[in-house]
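Subject: Structure handover

Hello,

Here is the structure I promised to pass on. My notes on what turned up in it follow below.

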Amino acid sequence: MLPASPANILAGSRILAQVVAKVSGGLVAAVALAGLTLPVAAEELKYDVRIDAPGPLRELLEQNLDLVRFRGNARMDREQLQRLVRVAPEQVKTLVSTDGYYSPVVSARLERKGENDTPTVQISVQPGEPVRVGEIDLVLQGFAPVPGLAADKQFDTQALKAGWTLKKGMVFRQVDWEQAKRGLLRQVVQTRYPRAQLTESLATVDPENHLAALRVVLDSGPELRFGELRIEGLKRYPPAIVSNLNQIHPGDYYSEAALQSYQSRLQDTGYFSSVEVSADTSAILNEQLDAAGATPAQNAGSAMAPLPLLVRVTENKRKNVSAGLGFSTNTGNRASLTYDDLSVFGLRMKSALTLETKKQTARSDFYFPTTADDYNDSVGASFERSDISGEVTSVASVAGKRAWGTPLLERSLTLELLTETKTVDGLPSTTSKSLPLTYGVTWRKLDNLLFPTKGYALNAQLGGALLPILTDEAFVRGYARAVWYRPLGVSTNLILRGELGALASRDKNGVPAVYLFRAGGDQSVRGYAYQELGVHEGDAITGGRYLATASAEFQYWFKPSYGAAVFYDAGNAGDTFSALHPKSGYGVGGRWKSPVGPINVDVAYGHAVKKYRLHFSLGFTF
């Protein structure tokens with residue numbers, strides 16, 4: 001065993017400047033040529049460097065060796081080059097030691113065949129056997145059991161030790177050593193013990209036996225809990241907007257995950273331009289100063305006064321107006337105007353006027369602050385007129401909605417009163433009213449909510465108007481839509497999509513058209529116009545009782561943000577199951593991962609109509 005010296009001990013702050021440490025996936029080159037200065041040369045000296053070493057080590061040396069870094073420097077001359085060649089073996093040994101090789105055989109020589117030939121520096125590295133992790137002495141100080149707390153609620157020190165990532169027998173690499181220490185500390189400071197620190201970290205390397213003995217001492221510091229909620233920055237909006245979203249209770253253990261979750265929920269409300277959620281350590285400054293005078297043994301595992309939960313917010317401006325122009329391959333040209341007011345009788349109002357070629361919509365919704373039980377309630381009114389495939393409908397509605405859950409599992413309950421006037425080419429106009437109640441649920445299990453490549457999303461709705469109250473025709477309606485993502489390789493993936501719908505009623509004519517089913521369009525069956533597939537009535541196409549569509553798409557990403565796709569869609573809507581004879585569409589498309597989500601541009605051929613159609617859409621997720 002070699003004595004503890006700068007050549008064989010790598011530990012925390014004891015790592016000397018001669019050691020090159022891999023930190024956070026990068027290399028910090030700390031090997032410097034002491035006293036080396038490069039005077040300005042009369043003419044730049046050109047030379048080549050050839051490194052004979054195993055692949056990972058060759059890459060390490062090419063990125064950090066001074067001979068490579070100074071190549072092309074205008075101040076390089078023959079004398080400086082020879083000096084770099086002389087010191088190269090020691091620098092190589094220091095560099096490869098960070099990758100676990102402490103007994104390499106290294107040679108460096110300068111070759112030049114002729115006076116006018118470019119000199120070449122030939123470096124040969126035989127790394128030998130790597131140093132592996134031997135004994136691990138992991139000492140946890142503090143972490144005293146809390147009296148009266150159930151065993152399953154105590155801090156699990158055994159799990160903490162088991163989570164140590166640099167295991168016995170692994171190659172001792174500096175990057176793994178640093179990551180293991182950071183990972184150990186991170187597990188502690190993010191829960192219960194935010195003042196924990198590594199009081200000792202030592203790696204003693206024995207090059208002869210190719211072993212590294214590790215010792216790490218982690219001191220827990222005092223245990224911290226959350227206290228009462230404190231809010232700063234509110235001027236226009238009620239405190240309930242902040243307090244109702246708080247799921248952290250006084251006495252709960254400190255948790256960074258809980259702070260981040262609370263901050264994210266507040267940011268999503270739209271009331272604030274910035275949100276900062278933290279534990280107010282300044283509130284216990286005096287106690288911290290007193291604790292600083294105590295010994296580590298006195299501080300270890302001790303509890304401190306609860307930390308107030310501090311929320312600092314910067315409010316968004318109350319009113320906002322915006323306008324926009326656009327185009328949809330489903331509904332044509334579009335102009336929109338929106339007006340938002342964050343405080344109308346204590347409610348948040350969102351209103352919009354959208355004028356499209358085939359559809360015109362005006363709506364206004366009022367959102368209540370999220371309740372302490374995590375419910376999001378809203379009420380709203382809307383008017384929509386559409387002229388699609390020969391069917392003209394005008395619908396006025398008033399609705400109340402309660403939503404709750406998380407992005408992984410969302411649920412909602414909606415009660416809507418609507419009246420509808422429908423005109424079909426060649427037939428008299430009809431008017432109907434209905435008071436349906438609908439329950440909806442959405443499941444998401446995706447690797448990325450914005451750019452998914454693996455997992456699924458499923459939305460299901462069940463509802464209807466069963467009571468003869470403000471309802472012309474009782475009905476029950478069910479609908480489900482699913483999309484499934486599966487990667488087939490590094491640059492390829494498969495997307496499967498489908499939807500089913502069914503409606504039961506004695507007479508379809510009394511059911512509002514918005515509750516019937518049609519197919520076709522950008523996110524339905526491509527190759528057909530928007531809602532072109534349905535039931536033929538006179539010269540128009542109307543909704544049916546049943547719906548079934550399916551789609552398969554193969555994507556290839558030739559660049560991280562750009563890809564291409566081929567797809568096949570099929571489906572139909574009708575009043576009977578036999579009428580659901582599928583109409584198919586197929587084609588190719590381009591994909592772009594834009595900042596707002598995946599943008600799809602497709603050219604599809606509708607087999608039943610014998611036409612090509614351009615489709616533009618933004619993602620498939622819901």
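Strands β5 and β6 pair in the antiparallel sense, over 7 bridges. One of the bridge partners is easy to locate: E111 is matched with T120 in β6. Bear in mind throughout that this is a predicted model.

The two strands belong to an open sheet of 3 strands, in the order β4-β6-β5, with mixed pairing. Strands β4 and β5 (105–111) stand at the edges with a single partner strand each, so one side of each has no neighbour in the sheet. On average, neighbouring strands here are turned by 15 degrees against each other, direction ignored. Helix α3 lies across β5 and β6 and runs at about 165 degrees to β5.

Next, the nonpolar cores. The largest has 25 residues, and L67 and I123 touch the most other members. At least two residues each come from β4 (48–52), α1 (55–64), α2 (66–69), α3 (78–97) and β6 (120–126). Helix α3 gives the most, with 7 residues. So the helix that lies across β5 and β6 is also the one that gives the most to this core. In general, nonpolar side chains of soluble globular proteins tend to be buried together.

What does L67 touch, leaving aside its neighbours within four places in sequence? The contacts are Y47, V49, L81, L84, V85, A88, V121 and I123. Apart from this core lies another, of 24 residues. V131, L138, L166 and A203 are among its members.

Further along the chain there is another sheet to look at. It is open, has 3 strands in the order β10-β12-β11, and its pairing is mixed. Which strands stand at the edges? They are β10 (226–232) and β11 (272–279); each has a single partner strand, so one side of each is left without a neighbour in the sheet. The twist averages 15 degrees from one strand to the next.

Strand β10 pairs with β12 (residues 307–315) in the parallel sense, over 5 bridges. L229 stands opposite L309 in β12. Helix α7 (residues 256–267) packs on this sheet and touches β10, β11 and β12. The direction of α7 makes about 160 degrees with that of β11.

Two more strand pairings are worth a look. Strands β19 (residues 409–424) and β21 (residues 437–446) run antiparallel and are joined by 7 bridges. T414 has T438 in β21 as its bridge partner. Strand β21 also pairs with β22 (residues 455–465), in the antiparallel sense over 10 bridges. There, G440 is the bridge partner of Q461 in β22.

Now the aromatics. How many aromatic pairs does a search of the whole structure find? The count is 15. Take W164 and W177. Their ring centres are 6.3 Å apart and the planes stand at 75 degrees; over 60 counts as edge-to-face, so that is the class of this pair. W164 sits in the loop between α4 (157–162) and α5 (174–189), while W177 is in helix α5, 13 residues apart from it. Are these two buried or exposed? Both W164 and W177 are buried.

Y568 and Y586 make a stacked pair, with 6.0 Å centre to centre and 5 degrees between the planes. Y568 lies in strand β28 (residues 562–574) and Y586 in strand β29 (residues 583–594), so the pair ties together parts that are 18 residues apart in sequence. Unlike the buried W164 and W177, Y568 is partly exposed, at 45% relative accessible area. Y586 also counts as partly exposed, at 32% relative accessibility. Both tyrosines belong to one aromatic cluster with Y605 and Y612.

Last, two charges over rings. R402 lies over the face of Y375, at 4.2 Å from the ring centre. R526 has its charged end over the ring of F567, 3.8 Å from its centre.

Best wishes

Conventions
Residues are numbered from 1 along each chain as its sequence is written. This is a predicted model: local features need pLDDT of at least 70, side-chain atom pairs count only at pLDDT 80 or more; totals for chains, interfaces and linings use all residues. Side-chain values use heavy atoms; hydrogens and water are left out. Two strands pair if DSSP finds at least two bridges between them. Helices (H or I, at least four residues) and strands (E, at least two) are DSSP runs, numbered from the N terminus. Axes are lines fitted to C-alpha atoms, for helices over the stretch in contact, and angles run from 0 to 180 degrees between N-to-C directions. Contact means heavy atoms within 4.5 Å. Rings of Phe, Tyr and Trp (its six-membered ring) pair if their centres lie within 6.5 Å; planes under 30 degrees apart count as stacked, over 60 as edge-to-face and the rest as tilted. Buried means under 20% relative accessible area, exposed over 50%, partly exposed in between (1.4 Å probe, protein chains only). A charge sits over a ring if NZ of Lys or CZ of Arg is within 6 Å of the ring centre and within 35 degrees of the ring normal. A nonpolar core is a set of buried Ala, Val, Leu, Ile, Met, Phe, Trp, Tyr and Cys residues joined through side-chain atoms within 4.5 Å.
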